[in-house]
Every structure is written in C-alpha cells, then in structure tokens.
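This report walks through one structure. Start by looking it over.

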Amino acid sequence: MRHMLRTTALSAVLLGSASQAFANTDGFHTVNGYRDAQGQVGFELTQIGGYGELIVDVQGFGGMAFGKCVLAFKRAADGSIEDATPVQQQSAASCPSEIAFTSKPGENGMLSVTFTEGGPLKGNTYDLFTVLRPFTEADAVTAPKGFDILGMTIGEERPAIEAKLTAEGFARLEGHSDTLSYRDGSTRALEIWGKGTAAVGNKPEDYLYITWTSKLEGDQEPEKVAFLGREWSVPASANLAIAVLDKSLAEKHGQGAMKGHIYYDRAGTADPKAYGDVCDEKVHLQGVSVPYSSIGMRSDGETLKIACGASVIIYTGEDFQAPGRASLMKVELRKGDVAYADFWKTWSPAEAKRLQEAYELQKGMTGAAPKL
C-alpha cells in the first residue's frame, strides 16, 4: 500500500561520495508524518556507497509503541541490502525482529521505499524527500546574463580568477584574508583582494571578497568561487551621479520587485515580481551554509539553495555632503549549486566511514547472554 504524505519535516545532516552503482539512491532521505489507522510513522534513511542506516520513528504505529527502530546494513553492488544487523530498539519502541526494504528514485525528486519485511511496515511503500545526494550536472543552476563582477563569477577556478584580479590591478590583502579549518580535515579560504585607499577608514577604495570552495588534503582539484562580492567607495573625484550608477547596474543585472534585489529562476530568467528566492518545488535538496567576510563584516553562514535560482544583491549609497552624488556601491552574487557540490564532496567521506563503523560495531556484538 502506498502512503500519501500529510506533514513533513526536512531535517538534514549529511552527504556522501558515491560510486556510480549507488549514485541514484545514495544520500539522506527523510519524511515525518505518515499517518493512517495504524498510527504515525516517520523515516530517516542514509545510504552512501556500500553501507547505510535506516531510522524508523514510530509514534504508536502498528503496535510498535513509541521510539525508534534503527537498522544498520551493508549494500550489494546493485544497491540492494546484502546484510543487516539486528534491529536496535530505542526508547520505548517495540520493533520487528527483522526489517528489510528496497528503494528506488520516485517522482518529483522523492525516493520510493518499499518494505519487504518489518511487521506492520511490510508491504507498504513510502515516499521520502531526498534532502542530500551526490551532485549531478543536471543540478547546475543556470547563471543569468550579466551574472558577474568585473568579468568574474561563481564557479570559476582560482587560476582564472587570480589572473583577472591581477589584470584589474587588485592584490590579495593578507591582513584581511583568512583560512578556516574544519573537523573533517578540510580548509576554506576567505580572501580580500583590493586596490587604492579610501579617504575614510583604513580599507581599500575598491575590493572584492571571495569565499572559495573547500580543500581536502591531497585534493588536486583547483578551488572555485563559492561566494563573490564587491565594495567600491566611490571617490568624490569620480563625480558620479547615483542615478547614473543605479541605471548602469539595472541595465547589467535587471530590476526586481525591491530596489537592489534581483531574483532569477533556475533557468536564469529574472522574476521582476519576486521578493525572495525563486525555487523549484520539485527540488528538496537542502540549502548549504557558506561563510563570507568583507572588511568590517563577517557572516558565518549565508544559506545558498540549490533548489533556487541565482540572485544579485546590490546596495548604492549617496554622498550626503553632495546630494545626488554616489558614494558607495556593494554588489554580491549568490548561486547555490557550487556550494552544494562542495558540501557533498567534503562531508561524504566522514559520513560513509561512520555508516561502515556503525554496521561493523553492531555485527561485532556476538557475545552470549549471561546466565540469569
């Protein structure tokens, strides 16, 4: 029997590097809130490469009481379950002695899970949201026309970007740049490239702030731009009218429902009525938090969503000593596909290892029960 979704909760925690044999079902899949006459039940399914874990959250469903049933398993080359550990019972759950299932891609970005064993679960099919999975070229978000800053854009590799920055007269500012380190062993560079000195404050007149994709030890792939922004303190000598600056920016990036906020769909078409990200409801993949740092401002996590199109955020300021004259321009580019692919790549090795270790730990529990 196929169960229809009532309520959902998309809580996500993972990513993984999958071989081609597993790629179509690898990832983190979840749903919470299937309810019928037997009660309510939810699922979290993680499977990456050769190992996986299923968590069944039972809330009075089919006599399974309340709690969680956890199954660690090993996968065959075709993605089916080759071997499974005994079902773990957590809290007050009363779990079936055996749980088995098959999974395949479903409609609208879901994963279809059919239980072949599992007490009251047996014979039922549930559709789970695929929240995380390997990145594919079909996931790429189309960059709209003019989606660049001085000819530089998200997704470009470091050698090309550095060549363009140097050609434009920018230099890397060591004192403002930083490198972040993570528990998984990866690092991420947050860099400032600037030129000139502003009349007010100890900062460049014109600078770009760049967040690069992460690097793992031994990784030979060049870093790519994951986030890009520019701040220009317009000198009075430029004698630039703010109306002229705003018009030039609108001609390059388009116009949105709010001044300075232009949102595009995943095909790169601007939506002049949008007040926020334009997203595809069939794509359930989670947004990814990307830090960035400009001079005097630090964000520990800008959420970029692969389900949504690109966006451009613009701010222009006026010189109040000379009304009508531009004094500041800030432009930021946002596009989530590069960040998502980077997240999967760097997270997956540790998560795959965790799944294998959980399986092997349970399989190793072979001691006999004590005399009672």
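Which residue is the bridge partner of isoleucine 55 in β4? The partner is valine 70. The model examined here is predicted.

## Strand β4 and its neighbours

Strand β4 covers residues 66-75. Of its 10 residues, 7 are buried, so the rest of the structure largely encloses β4.

Three strands pair with β4, taken here in turn. With β3 (residues 51-59), β4 pairs in the antiparallel sense over 9 bridges. With β6, the pairing is also antiparallel and counts 4 bridges. Valine 70 stands opposite glutamine 88 in β6. Strand β5 (residues 81-84) runs antiparallel to β4, and 3 bridges join the two. Here lysine 74 stands opposite aspartate 83.

## Two hairpins

β3 and β4 form a hairpin, with 6 residues between the strands. Glycine 60 sits in the turn and has a positive phi of about 75 degrees.

β4 and β5 form a hairpin too, with 5 residues between them. In this one, glycine 79 takes a positive phi near 95 degrees.

## The disulfide at β4

A disulfide is a covalent bond between the sulfur atoms of two cysteines. The structure holds 2 of them. Counting the bonded cysteines of the protein chain in sequence order, they pair 1-2 and 3-4.

One disulfide joins cysteine 69 to cysteine 95, with 2.0 Å from S to S. Its torsion about the S-S bond is -95 degrees, and the link is left-handed. Cysteine 69 lies in β4, while cysteine 95 lies in the loop between β6 (88-91) and β7 (100-105), so the pair ties together parts 26 residues apart in sequence. Both cysteines, 69 and 95, are buried.

## The second disulfide

Cysteine 279 is joined to cysteine 308, again with an S to S distance of 2.0 Å. The torsion about this S-S bond is about 85 degrees, so the disulfide is right-handed. Cysteine 279 lies in the loop between β15 (261-263) and β16 (288-294). Cysteine 308 lies in the loop between β17 (297-304) and β18 (311-318). The two are 29 residues apart, and the pair links distant parts of the chain.

Is each end buried or partly exposed? Cysteine 279 is partly exposed, at 41% relative accessible area. Cysteine 308 is buried, at 2%.

## A helix residue and alanine 72

Glutamate 357 belongs to helix α3 (residues 337-363). Its relative accessibility is 45%, so glutamate 357 counts as partly exposed. Along the chain, glutamate 357 and alanine 72 are 285 residues apart. Their C-alpha atoms are separated by 9.7 Å.

Note on methods: Residues numbered from 1 in each chain as written. Predicted model: local features only at pLDDT ≥ 70, side-chain atom pairs only at ≥ 80, totals over all residues. Heavy atoms only, no water. Buried < 20%, exposed > 50% of the residue type's maximum accessible area, 1.4 Å probe, protein only. Disulfide = S-S within 2.5 Å. Pairing = 2+ DSSP bridges.
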